[in-house]
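Trainee: Could you take me through one part of this model in close detail, and then set that part against the rest of the chain? I would like a single connected account.

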Amino acid sequence: MVYYIRFLKTPRLQKQKIGALTVSALICITTDLGDAFLAQDEDLLVTLRLASDGKILCRGRLQWQGGKRELPISMRPLPVRLAEQPMILEVKPCDSQSAGPDSLLDQHEIPLIISGWSAAFGGPHSPVSEKLIERRFSINQTTRLSVWEETGNSIARHIWDAAIASVIYLQQLITGDQLQSNKALQRLLRSERNTPLHVIELGSGCGIVGIALASLLHQCSVLLTDLPEVKEIVTKNIAAARPARLSSLQYRPLDWEDKLPDDFFDGPSIDLVLVSDCTYNADSLPALVSVLGRLIKSFPGALILVALKRRHESEGVFFDLMQSAGLKTLSLHRIELPSQHGKCEEIELYCYGGVER
Ligand SMILES: C[S@@+](CC[C@H](N)C(=O)[O-])C[C@H]1O[C@@H](n2cnc3c(N)ncnc32)[C@H](O)[C@@H]1O
């Protein structure tokens, strides 16, 4: 279970009576579900930077104390002239990758705490930054991801642990690190292609998994889908994405409870369906599996990659429903995410297909 630095109050620039400036914010360090706070002490590095070129304006250390639910940040006194330029606030753990710019998503070095960057504030922007937080990831030496989340409690508009594991797994498959575990999916991702690989992600949330795949893989056309409420954040993330050569990203609303639109079946055939952390709600599983079943019926050669973190027993019905829908488990891979006090937590990644292979 990794932990995410979140803004409870996004950074705010205030002029003090004496003429100096203050930047203040309120953060917490919590799980994807927001149901628990980091219970160990952690030193944090807080950096105020120029939004334009990242130049450091002010930097300080703070300690998150296990057992607390929030941590105020206050940077002052700052020179008044700083108010003229847009700035951002970066909050990250002091240890491990603090020397590097991003959170490194590498199988050997998955961070326990995911750093965060605010939206720009000050200058022509509002003195209070938007209710957003940016995650910056390095997936390999050349691929970097910038993914925005909302700061509120929406299930859809932030990143979940299974998505972190999915990105790492896809990267491993593409680079050839997982040759034995999932030959069918690896073959699909690594095959020479003259036409794009067509991928659809269900319940994409912010879109991190599909965006990572389109960034890692050439000739890969990814359609991100979710409820209409994600449109704004996912569109922002698509705009910030840097797809690989001849790859593309699109978003389209798709509610599993609705009939799949006819034009889903008129276009090019789908090769891969991505599903990350969508099995937590047993009530929506019949609808989700029904969509998967219909996609595989129309595109029998497609593979499905389902990443999940077991949260409660009721999720087990997912596997029965998949079996009843004729969807066969081709492989299971596990990725361990770090957890506090040196423990780990498993994410399960299942590959399904309509036919054995
Ligand atoms: C826990 S979030 C996971 C988001 C993202 N895949 C990730 O791993 O970061 C579950 C996602 O499923 C979506 N979802 C839930 N019910 C849905 C439905 N009926 N139709 C489409 N998407 C749905 C939610 O909107 C949400 O984005």
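Mentor: Once residues up to four places away in sequence are set aside, S215 touches T143, L145, R242, P243 and A244. The model is a predicted one, and in it S215 has its place in helix α3, which runs over residues 208-216. With a relative accessible area of 8%, S215 is buried, because anything under 20% counts as such. Its side chain also reaches back to the backbone oxygen of I211, at 2.6 Å.

A second residue that repays the same treatment is T225, which belongs to strand β13 (residues 220-226). The relative accessible area of T225 is 0%, so this residue is buried as well. Neighbours within four places in sequence aside, T225 is in contact with I200, E201, L202, G203 and S204, and also with Y251, R252 and L254.

From here one can turn to the nonpolar interior. The largest nonpolar core has 58 residues, and those with the most contacts inside it are I159, I164, L185, L189, I208, L213 and L272. The element that gives the most to this core is helix α1 (residues 161-175), with 10 residues. Because domain 1 (3-138) and domain 2 (161-353) both give residues to this core, it lies between them. Taking L189 as an example, and leaving out its neighbours within four places in sequence, one finds it in contact with L170, L173, I174, L197, L213, L217 and L272. Apart from the largest core lies another one, of 30 residues, which includes W256, I270, A302 and L308.

The division of the chain gives the wider frame: domain 1 covers 3-138 and domain 2 covers 161-353, and their C-alpha centres lie 31 Å apart. The contact between them takes 16 residues from domain 1 and 19 residues from domain 2.

For contrast with the buried residues, consider R76, which is placed in strand β5 (residues 71-78). Here the relative accessible area is 58%, so R76 is exposed, given that the term applies over 50%. Aside from neighbours within four places in sequence, R76 is in contact with L21 and T22, while a polar contact of 3.4 Å joins its side chain to that of S74. R76 and L185 are 109 residues apart along the chain, and their C-alpha atoms are separated by 52 Å.

The aromatic side chains complete the picture, since the structure holds 6 aromatic pairs. One of these is formed by F318 and F319 in an edge-to-face arrangement, with 5.5 Å from centre to centre and 75 degrees between the planes; F318 counts as buried at 1% relative accessibility. Another is the stacked pair of Y350 and Y352, at 6.1 Å centre to centre and with 25 degrees between the planes. Both partners of that stacked pair are buried, Y350 with a relative accessible area of 7% and Y352 at 2% relative accessibility. Ring pairs link F318, F319, Y350 and Y352 into a cluster. A ring also takes part in a contact of another kind, in which the charged end of K236 sits over the ring of W148, 4.7 Å from its centre.

How values were computed
Residues are numbered from 1 along each chain as its sequence is written. This is a predicted model: local features need pLDDT of at least 70, side-chain atom pairs count only at pLDDT 80 or more; totals for chains, interfaces and linings use all residues. Side-chain values use heavy atoms; hydrogens and water are left out. Rings of Phe, Tyr and Trp (its six-membered ring) pair if their centres lie within 6.5 Å; planes under 30 degrees apart count as stacked, over 60 as edge-to-face and the rest as tilted. Buried means under 20% relative accessible area, exposed over 50%, partly exposed in between (1.4 Å probe, protein chains only). A charge sits over a ring if NZ of Lys or CZ of Arg is within 6 Å of the ring centre and within 35 degrees of the ring normal. A nonpolar core is a set of buried Ala, Val, Leu, Ile, Met, Phe, Trp, Tyr and Cys residues joined through side-chain atoms within 4.5 Å. Helices (H or I, at least four residues) and strands (E, at least two) are DSSP runs, numbered from the N terminus. Domain bounds come from an automatic or database domain assignment. Contact means heavy atoms within 4.5 Å. A polar contact is a pair of N or O atoms within 3.5 Å; within protein, one must be able to donate a hydrogen and the other to accept it, and residues adjacent in sequence count only if both atoms are side-chain atoms.
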